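I opened this model to look up its enclosed spaces, then a few single residues and elements. My notes follow in the order I took them.

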Amino acid sequence: MAPLLPSSVFASLLLLILLCVSPSAIHAGGDRIPSTLDGPFEPVTVPFDLSLRGNAVDLPDTDPRVVRRVNGFEPEQISVSLSANHDSVWISWVTGEFQIGYNIKPLDPTTVGSIVRYGKHRYPLRHEAKGKSLVYSQLYPFEGLQNYTSGIIHHARLTGLRPDTMYYYRCGDPSIGAMSDIYSFRTMPASGPKSYPRKIAIFGDLGLTYNTTATISHVKSNNPDLVVLVGDVCYANLYLTNGTGADCYSCSFSNTPIHETYQPRWDYWGRFMQDLIAKVPIMVVEGNHEIEPQVGGQTFVSYSSRFAFPSEESGSRSTFYYSFNAGGIHFVMLGAYISYDHSSEQYRWLERDLANVDRSITPWLVAVWHPPWYNSYNAHYREVECMRVEMEELIYSYGVDIVFNGHVHAYERSNRVYNYTLDPCGPVYITVGDGGNREKMAVEHADEPGECPEPSTTADEYMGGFCAANFTTGPAAGNFCWDRQFQVKNETWALWKWHRNQDAVSEVGDQIYIVRQPERCLRTAPQTRQWIADL
């Protein structure tokens, strides 16, 4: 068995970009960029600069970037999301004002049309798509807690699009003269082994802080073709319904009958992000801060209402898991806070989705969910063991190349690993949970003296409870925290770069070529043979 090594850690706020490139570009600026072919690597840990922590301050509701700038039923909070393939996208927007208080009457979504006019030229916009609309509420049947109802949320799907093509669009209701300005987006390249987006920005735990603004500024300056947000969007649930911010999620709601959430933070976030995501498609997966329980046991209502998901197009009946192609990359987005065991609908969908992936068309297979299976910090340490036990063999057998997670507020990259063992056919795991959240950064590691969590404290009610069996066998037998952990433009090479907010845009905190060697890991996957990514 290969030795297990301490994790490779860089803790900071970040911009993350994935580049699919040619191996001929392996030397950049005269300096050789390492690749996974050079690994497994010795551990590298860069301590977090504690002087940066005080900068994670929320944008106030008076900031001009989050105030409402439209009139009447003119569209705002405009965004683009991908469908399952390049030939269609979703356009989403909000019309009308949200309401928060004790006696509120929701807007009628049937009173405002959901129209997108679009085309390959700014004038005229020859095509038209009609969408659907909804209004959602966040309700608390308790005295003193204010209820919320959203503006009218619209989703319209544009179809018949050409690959790698710029389209122009405006959305709204022309019958009442409430149309947006003209925006543009570029479709994904057609799927194929030589066809890739130029850059993909990936970050997690974004929030709406001044650090968030630095992250998004970095993203914009790097001109990505796609944005992937791995959960924890705006942290609205760190506010009471009166708008008062809370410094600690678990301690600030102790005297209320239900955890409150201040929904206008979602509207502020949508306004702030519009300048980016009205032009660059964004794909989102749910995090724990999107749970937002309310009356009737409802959860994730805002998340499921505000974003458009290619669920139906990818054979899913849920907003919590779906898949899509971005050129030669197949993305699988999974839900950690719903059922994922072998008998669950999610697991069965994942089996079908992976079995249908043609690696000759989409060589790269990338999985995304919020909380990491592999994590060296004591924050959320081994919290997701139940999910790992249920799903790891499946994603390994189908050769997932890279896994992106958030949740832990730090940056961490692993060698290829499977079942807590260095494995040349396992995925590279990358944690990107420090995109700008208002909570503190993770700095202590589980294998440091006095930092190993008590195992019983790692159970999570949303993720199957406590899976004690997972440290009674294997390399960690009898040891919950052990000091020898895993270390963490073509169809085989991808360049990964990580940028820290406190650096200049050109500075790179971490970079590596992730290399696929499918010929070394040919295996029989359930129901079909698949190529397995390898180091």
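I began with the second largest cavity. Its lining consists of Arg382, Glu383, Glu385, Cys386, Thr458, Gly465, Phe466, Cys467 and Phe480. I note for the record that this is a predicted model. The cavity holds about 50 Å³ of space. I sorted its lining by class and got four nonpolar, two polar and three charged residues.

Glu383 took me on to the largest pocket. There it is listed with Tyr249, Asn288, His380 and Glu439 as lying nearest the centre. I read 32 lining residues for this pocket. Its space comes to about 1,000 Å³. By class, I have 13 nonpolar, eleven polar and eight charged residues in the lining.

Next came the second largest pocket, with a volume of about 390 Å³. I find 17 residues in its lining, and Trp90, Lys132, His155, Phe309 and Glu312 are the closest to the centre. Which elements give two or more residues to this lining? I looked, and they are β11 (132–134) and β14 (152–158). The class split is six nonpolar, six polar and five charged.

Then I turned to the largest cavity. I noted about 140 Å³ of space in it. I wrote down the lining by name: Gln77, Ser79, Ser92, Trp93, Val94, Ile153, Trp266, Trp269, Gly270, Ile277, Arg306 and Phe307. Three elements each supply at least two of these residues: β6 (76–82), β7 (89–95) and α2 (264–277). Which of them gives the largest share? It is α2, with four residues. In this lining I have seven nonpolar residues, four polar ones and one charged.

**A three-stranded sheet**

I traced an open sheet of three strands. The order is β8-β13-β12, and the pairing is antiparallel. Why is one side of β8 and of β12 left without a neighbour in the sheet? β8 (99–101) and β12 (137–138) stand at the edges, and each has a single partner strand, so one side of each stays free of a neighbour there. I checked the pairing of β8 with β13 (residues 147–149) and found three bridges between these antiparallel strands. Gly101 stands opposite Asn147 of β13. I kept the general point beside this: strands of a sheet pair through backbone hydrogen bonds, either parallel or antiparallel.

**Two helices**

In helix α4 (residues 345–355) I listed the buried residues: Gln346, Tyr347, Trp349, Leu350, Asp353 and Leu354. They cover an arc of only 160° around the axis, so I place them on the same side of α4. The general rule I wrote next to this is that an α-helix has 3.6 residues a turn, so residues three or four places apart point the same way.

In helix α1 (residues 210–221) I picked out Thr213. Is Thr213 buried or exposed? Its relative accessibility is 15%, and buried means under 20%, so I count Thr213 as buried. Beyond residues up to four places away in sequence, Thr213 touches Leu59, Arg65 and Phe272.

**Two loop residues**

I looked up Tyr239 in the loop between β19 (226–229) and α2. Tyr239 has a relative accessible area of 8% and is buried. I then asked what it is in contact with, leaving aside neighbours within four places in sequence. The list is Asp58, Thr244, Gly245, Phe253, Glu260, Thr261, Tyr262, Arg265 and Arg438. For Thr261, I also noted the C-alpha separation from Tyr239, which is 5.4 Å, with the two residues 22 apart along the chain.

My last residue was Ser191, in the loop between β17 (183–186) and β18 (200–203). With a relative accessible area of 29%, Ser191 is partly exposed. I wrote down its contacts, not counting residues up to four places away in sequence: Asn325, Gly327, Gly328, Ile361 and Thr362. I also have Ala326 in my notes, 135 residues from Ser191 along the chain, with the C-alpha atoms 6.8 Å apart.

Definitions and conventions: Residues numbered from 1 in each chain as written. Predicted model: local features only at pLDDT ≥ 70, side-chain atom pairs only at ≥ 80, totals over all residues. Heavy atoms only, no water. 1 Å grid on protein atoms, 1.4 Å probe; cavity = no way out; pocket = protein on both sides within 12 Å on 5 of 7 lines; lining within 4 Å. Points joined across faces, edges and corners; volume = space filled by probe spheres on them. Nonpolar A, V, L, I, M, F, W, Y, C, P; charged D, E, K, R; others polar. Pairing = 2+ DSSP bridges. Buried < 20%, exposed > 50% of the residue type's maximum accessible area, 1.4 Å probe, protein only. Contact = heavy atoms within 4.5 Å. Arc of directions from axis to C-beta.
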